[in-house]
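Here's a quick tour of one protein chain, written for someone new to reading structures. Have a look at the sequence and the 3D view, then work through the points below.

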Amino acid sequence: MALLDVLIALLVLALGVAAMCQLQGLVLVEGGHARARAAAAQLARAKLDDLRQFSQLPAAGIGVFGLDEIGSDAGGRENADGSLVLPAGELSLSDVTYRRHWEVSAYSWCEGGVLTAGICSGARRAGFQQIRVTLSWTDADGKTSDLAIETAIAAIDPVLAGSALIRRPSLLPPSVVPN
């Protein structure tokens with residue numbers, strides 16, 4: 001009878017150890033997925049920060065980044081040869097290949113306070129651009145994953161952006177919207 005009790009105890013212990021090993025494997029796999037997702041989020045945020053760093057509104061020559069240069073898979077800080085510092089396309093990080101892509105949609109507050117896709121008549125540029133950065137990658141187990149982050153970038157001249165901190169706050173909308 002004692003031998004039977006010992007065999008049952010060993011069976012229960014073996015099942016427990018097998019379950020722990022299976023759990024450990026699952027934790028390692030999910031940890032890899034979490035690292036890949038965190039890296040994708042960081043790469044998307046880096047591109048959004050890059051697109052916010054325009055130094056003037058109109059498009060400019062090589063090395064000077066203007067808001068008007070932002071477009072789908074276009075825009076951002078430039079290298080000396082004019083190529084983007086953070087381009088669209090494939091990039092590898094920690095044995096994972098990510099595909100970075102962004103889409104830009106222009107919107108404006110037109111006459112009567114109506115939000116309109118595109119540019120209002122008589123304006124040189126849209127009031128803001130909605131940007132969606134998407135990263136996709138294939139995990140080690142062959143599963144494709146995607147991550148997307150969206151934001152909006154206002155068409156405010158960087159030289160004048162600090163003046164909002166100096167002016168007295170008002171509850172009324174501005175009478176003139178800079179283009």
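A residue is called buried when its relative accessible area is under 20%. Trp-137 comes in at 1% relative accessibility, so it counts as buried. Keep in mind that this is a predicted model. With that in hand, let's go through the core, the aromatic pairs and the cysteines.

**The nonpolar core**

- In soluble globular proteins, nonpolar side chains tend to be buried together.
- Here, the largest nonpolar core has 25 residues, and Ile-70, Tyr-98 and Ile-131 touch the most other members.
- Which elements give two or more residues to this core? They are helix 1 (2-51), strand 2 (96-110), strand 4 (128-138) and strand 5 (144-154).
- Helix 1 hands over the largest share, eight residues.
- Ile-131 has plenty of company: leaving out residues up to four places away in sequence, its contacts include Leu-48, Leu-51, Ile-70, Trp-102 and Ile-153.

**The aromatic pairs**

- How many aromatic pairs does the structure hold? There are two.
- In one of them, the ring centres of Tyr-98 and Trp-137 sit 5.6 Å apart with their planes at 55 degrees, so this pair is tilted.
- Tyr-98 belongs to strand 2 and Trp-137 to strand 4, so to speak of distant parts of the chain is fair: they are 39 residues apart.
- Just like Trp-137 at 1%, Tyr-98 has 1% relative accessibility and counts as buried.
- The rings of Tyr-107 and Phe-128 have centres 5.7 Å apart and planes at 20 degrees, which means this pair is stacked.
- That pair also links distant parts of the chain, with Tyr-107 in strand 2 and Phe-128 in strand 4, 21 residues apart.
- Buried or partly exposed: what is Tyr-107? At 23% relative accessibility, Tyr-107 counts as partly exposed, while Phe-128, at 19%, counts as buried.

**The cysteines**

- Search the whole structure and you'll find one disulfide.
- Its partners are Cys-110 and Cys-120, with their sulfur atoms 1.7 Å apart.
- Cys-110 lies in strand 2 and Cys-120 in the loop between strand 3 (114-117) and strand 4, ten residues apart.
- Why is this disulfide called left-handed? The torsion about the S-S bond of Cys-110 and Cys-120 is about -100 degrees, and that's the reason.
- Both Cys-110 and Cys-120 are buried.
- Cys-21, on the other hand, has 53% relative accessibility, so it counts as exposed.

Terms used
Residues numbered from 1 in each chain as written. Predicted model: local features only at pLDDT ≥ 70, side-chain atom pairs only at ≥ 80, totals over all residues. Heavy atoms only, no water. Core = buried A, V, L, I, M, F, W, Y, C linked by side-chain atoms within 4.5 Å. Buried < 20%, exposed > 50% of the residue type's maximum accessible area, 1.4 Å probe, protein only. Helix = DSSP H or I, 4+ residues; strand = E, 2+ residues; numbered from the N terminus. Contact = heavy atoms within 4.5 Å. Disulfide = S-S within 2.5 Å. Phe/Tyr/Trp six-rings, centres within 6.5 Å; stacked < 30°, edge-to-face > 60°.
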